[in-house]
Amino acid sequence: MAMDCEEKYDVIVVGGGHAGCEAARAAAILGSSTLLISMNLNLFAAMSCNPAIGGIAKGQIVREIDALGGMTGVVADRTTLQFRMLNRSKGPAMWSPRSQNDKYRFSEEWKNILMQTPRLDFREDTVTELLVEKDGVKGVVTKLGKRILAQAVVLSNGTFLNGKIHIGETNFAGGRIGEMSAHGLTENLRQLGFESDRLKTGTPVRIDGRTVDFSRMEEQKGDEESGGFSHTHTPSALQQKSCWITYTNPTVHDILRSGFAYSPMFQGRIQGVGPRYCPSIEDKIERFAGKDQHQLFLEPESESGISYYLNGFSSSLPEAVQVEAMHRIPGLEKAKILKPGYAIEYDYFPPTQLKANLETKNIRNLFFAGQINGTTGYEEAACQGLMAGINAHQNVTGKEAFILKRNEAYIGVLIDDLITKGVDEPYRMFTSRAEHRILLRQDNADLRLTALGHQLGLVSKERNETVIQKKRHIAELTDFLRQTAVTPEEAQAALAETDSPAIGQKTKIAQLLLRPEIHLDTLIRHLPWLQDYLKENAFRKDEWEETEIEIKYSNYIEKEQETAAKITYLENIRLRPDFDYFSVQSLSTEARQKLSRIRPETLGQASRISGISPSDISVLLVLLGR
């Protein structure tokens, strides 16, 4: 019998979900020979839960992925069924893009992108073991017995590690309904010294749209002027569709409560902790017992299919209870389900075991990305995959780690939160997690990050030049608006339209923009010479919108930049990984214990560990001679 020849790659990525797709493409585009191993090569970046991308803070992450050269934003834009900019009534730091997507086209688009990526190979298999030598990863072993060597490995296994599905009193192994779970790798990682634990997530029923009475629901259309995630302005080729709003009621709640005796969550059969901010419907009616109704969104899963997703109705109750309760919801009285809601438990590895580049502390050149780190959501997974893929390549080629700071990107906030604070429930990004959110807006992601993506090699020279020109245009327009004044007569119509007080003398346009009710598009409509100026200088709409934000919130932005600069001082003070904190008696006991366990890489990271006081940081500054 012929000997099995060992293949060898620079980088192996395990798992074809949102994290794995971004990781594999990034590593390959940057120049590493890459192998993507997935249990199903016909299903990449599956939308296992909600068929949507973005949302509050998540939309900012997708725009950052795009600015760095990742593909989630492009794929989302190509497959959009509806686009909305959330939180428009609030300040721009809160604006968050969100799209409803065709889940089948989304996966197909990713497949096409990956199959056309140079230096990227594929294998349909399951990884059960890592090859490790002298505290460094050397490759993987698959379920089929294949040994494949690599200089770096990225694990992005999603919910498949020892995944278990629960529907009422029924439970069975699975990574998603209809798909096998992955066994062996968790046990292998534990043997290698890693800690693991269990988390839980869930998904609602999928409904046959032909059996829904939409006339009893409230229609929710997308924005009239459809936007997108990608700075490349990629249009959707799909027909735009509406979502629909309906509500639960006390009868629905009573029916759901009747199934609590069979609930795997309430009866203790589910040990993993579920997501606080995306709870199951049974958890919601238990937690908010005094609330008579909960809002639900019926969302299309594809352009031409019949399947609809009932957002807000995640459940692991018995199917009969789910159906009976659903039939008491307005519009769903005769609805038929295509697939019941279910909960899934899976293994994850506390992310305090990682460095800031997502490399594990235990084993060199081994990276974790996505739900294996305790996060929830496609967007959180995708950005980790992008960063892990970049850094796997950086390690292989002997280059410096690529790390984003908290004041540079939501991605930086997310990773810093994970490695510094860990998780005790599935981690979801919110704007409130970012202390510098006025700097980290969705509208300026390209201005913040495209140059970095270009330096890495993920963003083309042409695209980077476009951003350089955009910065130049914003500077020119800002200068023009600060120097150019309007007369009371010229401003009269615009001010009257917005119920803004009249001016008694010539006033700079930038000064008018400081009024909350005054927007540049209003002034443009009433000032023909301003329209002409914008056209003559070829200013795009996104450029003058960005200029308005920079002017209107300039004081806040400047203060935030000053604060970020002060904090950066601590971020630049590095800590030795082998430092003996227990020998420093002037540190508190809690500080010695946590610093020894987490091993922060910088003093800034140390300052954010729960239980580390300012006096502990002062002690470390003295020891470091600062």
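Is arginine 105 buried, exposed or partly exposed? Arginine 105 is partly exposed, with a relative accessible area of 39%; buried means under 20% relative accessible area, exposed over 50%, and partly exposed in between, for a 1.4 Å probe and protein chains only.

The structure is a predicted model, in which local features need pLDDT of at least 70 and side-chain atom pairs count only at pLDDT 80 or more, while totals for chains, interfaces and linings use all residues. Residues are numbered from 1 along each chain as its sequence is written, and side-chain values use heavy atoms, with hydrogens and water left out.

**Exercise 1. Salt bridges of helix H4**

Task: Identify the salt-bridge partners of arginine 105 and glutamate 109, and locate each pair in the chain.

Solution.
Step 1. A salt bridge is a side-chain nitrogen of Lys or Arg within 4 Å of a carboxyl oxygen of Asp or Glu. By this rule the model contains 37 salt bridges.
Step 2. Glutamate 109 is bridged to arginine 78, with 3.2 Å between the closest N and O atoms. This pair links distant parts of the chain, 31 residues apart: glutamate 109 belongs to helix H4 (residues 103-115) and arginine 78 to helix H3 (residues 72-78). Helices here are DSSP runs of H or I with at least four residues, strands are runs of E with at least two, and both are numbered from the N terminus.
Step 3. Arginine 105 meets glutamate 303 in a salt bridge at 3.3 Å, N to O. The two are 198 residues apart: arginine 105 is in helix H4, and glutamate 303 is in the loop between strand E15 (295-300) and strand E16 (307-314).
Step 4. Glutamate 109 counts as partly exposed at 22% relative accessibility, and arginine 78 is partly exposed at 32%.

**Exercise 2. The pairings of strand E9**

Task: Determine the sense in which E9 pairs with E1, E8 and E19.

Solution.
Step 1. Two strands pair if DSSP finds at least two bridges between them.
Step 2. E1 (residues 7-14) and E9 (residues 147-155) are parallel over seven bridges; valine 11 has alanine 152 in E9 as its bridge partner.
Step 3. E8 and E9 run antiparallel and are joined by three bridges, with glycine 139 opposite leucine 149 in E9. Four residues lie between the strands of this hairpin, where glycine 145 takes a positive phi near 85°.
Step 4. E9 pairs with E19 (residues 366-368) in the parallel sense over three bridges, and valine 153 stands opposite leucine 366 in E19.

**Exercise 3. Positive phi outside glycine**

Task: Compare the settings of asparagine 365 and aspartate 499.

Solution.
Step 1. Most residues other than glycine have a negative phi.
Step 2. Asparagine 365 has a positive phi near 65°. Its place is the loop between strand E18 (342-348) and E19, and asparagine 365 counts as buried because its relative accessibility is 18%.
Step 3. Aspartate 499 has a positive phi near 55°. This residue lies in the loop between helix H13 (488-497) and strand E21 (507-508), and aspartate 499 is exposed, with a relative accessible area of 72%.

**Exercise 4. A buried charged pair**

Task: Describe the contact between arginine 441 and aspartate 443.

Solution.
Step 1. Arginine 441 forms a salt bridge with aspartate 443, in which the closest N and O atoms are 3.0 Å apart.
Step 2. Both arginine 441 and aspartate 443 are buried.
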